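Please find below a colleague's note on the structure shown here. The points are numbered so that each may be taken up separately.

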Amino acid sequence: MALHKNDLEEIARMAISPVYARPGETSPIAKDKLPADGRDPRVAYRLIHDELMLDGNSRQNLATFVTTFMDEEADRLFAETLDKNMIDKDEYPQTAAIEGRCVEIISHLWHSPGHEQATGTSTTGSSEAVMLGGLALKWRWRERRRVAGLPTDRPNLVMGVNVQVVWEKFCRYWDVEPRYAPIAEGRLQLNAEEALKLVDENTIGVVAILGSTFDGSYEPVKEISDALDALAASGGPDVPMHVDAASGGFVAPFIDPDLEWDFRVPRVRSINASGHKYGLVYPGVGWVVWRTPEDLPEDLVFHVNYLGGDMPTFALNFSRPGAQVVGQYYNFIRLGFEGYREIQQACRDTAVHLAGRIAEIGPYQLLSDGSQLPVFFFRLAPDVTHYTVYDVSAKMRERGWQVPAYSLPEPLTDLSGLRVVVRNGFGRDLADLFLEDLRRATEFLESLPTPLPPDPSHTESFRH
């Protein structure tokens, strides 16, 4: 049908009209129901783009462990592979091959004795990887109990109270009793002594954290394993270990090569890590690897006739884009071992530098110093009473810095602090800018008048 002259004039006018004066920009955006009509794609883009400006700057987010910087070439690969469905290995065989290569590389990096036939998978992140690792522990424990003719109705899992909340979710979803070892002043992690207090014949495994989210410290995997070895040798239960290396799994191999935390420790049967943390990939991708094929129970592997072929799968999620896996492989071949080592060492050096400078500012005390994960935790001195770490966090946000303030769990709920995560892209210059802003924020808070104590007589009269 021929366009009317008025229609042609309207099209021509739209082509040259300012974007913020076009239809759709001069009316409210839909927020609770689908609009009746569409918008020009440039207008739709601008509307959403402008709303997202209200988010914080991801590069100034010192709360997150998640990667916020990748090469421009990686950005292009992401855009080119977002439409590839990872689960469809028959239609995207090369993406599937790249996933397999990544599992082999990671298995070798973590010293798996059977890495030539590595058993593992990509996941949407460490949360899914944790679920798979925990399920394998439960299934193997249950099978051992059945063979021995023992009950299987009371499984438990031993870990520190500092574990990420996903472990609590695992226990609740899969009917496992969580047994949390407490933290204490000067020890914000699980150790061998506390682990042994909680282990019994119903323990499906002990979880050690390589890089606590509280303070960045590594839990002593080898020490815990040695204690469990001694327990088994004395006739006690033979309990496997899982290492939650969500952050440390892509740090320790490169800058702590002599630390025994991985499959060099025989009791470690599975490990998870987040590719989107110190694996240096945008969210979300995680990895879980088992020591040997036998450590992944066959009951957890499904064979699916999907889109033209038989496909073994043992992930919880199904359809997801291949971009993150491709991004992981890009990093592996782009950086190599030395590239990863340089990045993680630079992050640690920046963290240690920044922590040391903060310790020199009067009211602050370090609870960790960034010498393990490039993460540190600091508090206000006990004699500071007229402002809190939450005030410091709020003041820093005025300059765009997102620095989380939080209190520790029982029995240290009265201890609150601030945590800084140093990631790739947060270099010495940004660290020094952050430090100057922290100095100014502290000087402002220190200058506030100290509140007067309440007048007892006034309180008493108010009560009456």
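The points that follow concern model confidence, internal spaces and aromatic pairs.

1. Confidence. The model is a predicted one. Across the protein chain, pLDDT averages 90, and 90% of the residues score at least 70. Caution is appropriate for residues 458–464, where pLDDT stays under 50. For that stretch the model has one contact beyond four places in sequence.

2. Second largest pocket. This pocket holds about 240 Å³ of space. Its lining comprises 18 residues, and those nearest the centre are Ser126, Gln164, Thr213, Ala246 and Lys277. By class, 10 of the lining residues are polar, six are nonpolar and two are charged.

3. Largest cavity. Two cavities of 30 Å³ or more are present in the structure. The largest has a volume of about 50 Å³. Phe65, Thr67, Thr68, Phe69, Lys277, Tyr278, Leu280, Arg423 and Asn424 line this cavity. Four of these residues are nonpolar, three are polar and two are charged. Lys277 thus appears in the lining of the largest cavity and also among the residues nearest the centre of the second largest pocket.

4. Second largest cavity. Here the space amounts to about 30 Å³. The lining is formed by Arg59, Thr68, Arg423, Asn424, Gly425 and Phe426, with one nonpolar, three polar and two charged residues. Thr68, Arg423 and Asn424 occur in the linings of both cavities.

5. Phe250 and Tyr340. The whole structure contains 15 aromatic pairs. In one of them, the ring centres of Phe250 and Tyr340 are 6.5 Å apart and the planes meet at 25°, so the pair counts as stacked. Phe250 belongs to the loop between β5 (241–244) and α9 (252–255), whereas Tyr340 belongs to helix α10 (residues 323–359); the pair therefore ties together parts that are 90 residues apart in sequence. Both Phe250 and Tyr340 are buried.

6. Phe377 and Tyr406. This aromatic pair is also stacked, at 5.2 Å centre to centre and 15° between the planes. Because Phe377 lies in strand β11 (residues 375–380) and Tyr406 in strand β12 (residues 405–407), the pair ties together parts that are 29 residues apart in sequence. Phe377 counts as buried at 0% relative accessibility. Tyr406, at 17%, counts as buried as well, because the cut-off is under 20%.

7. Aromatic cluster. Which residues join Phe250 and Tyr340 in one aromatic cluster? They are Trp110, Phe254, Trp261, Phe332 and Phe337.

Note on methods: Residues numbered from 1 in each chain as written. Predicted model: local features only at pLDDT ≥ 70, side-chain atom pairs only at ≥ 80, totals over all residues. Heavy atoms only, no water. pLDDT = per-residue confidence, 0-100. Contact = heavy atoms within 4.5 Å. 1 Å grid on protein atoms, 1.4 Å probe; cavity = no way out; pocket = protein on both sides within 12 Å on 5 of 7 lines; lining within 4 Å. Points joined across faces, edges and corners; volume = space filled by probe spheres on them. Nonpolar A, V, L, I, M, F, W, Y, C, P; charged D, E, K, R; others polar. Phe/Tyr/Trp six-rings, centres within 6.5 Å; stacked < 30°, edge-to-face > 60°. Helix = DSSP H or I, 4+ residues; strand = E, 2+ residues; numbered from the N terminus. Buried < 20%, exposed > 50% of the residue type's maximum accessible area, 1.4 Å probe, protein only.
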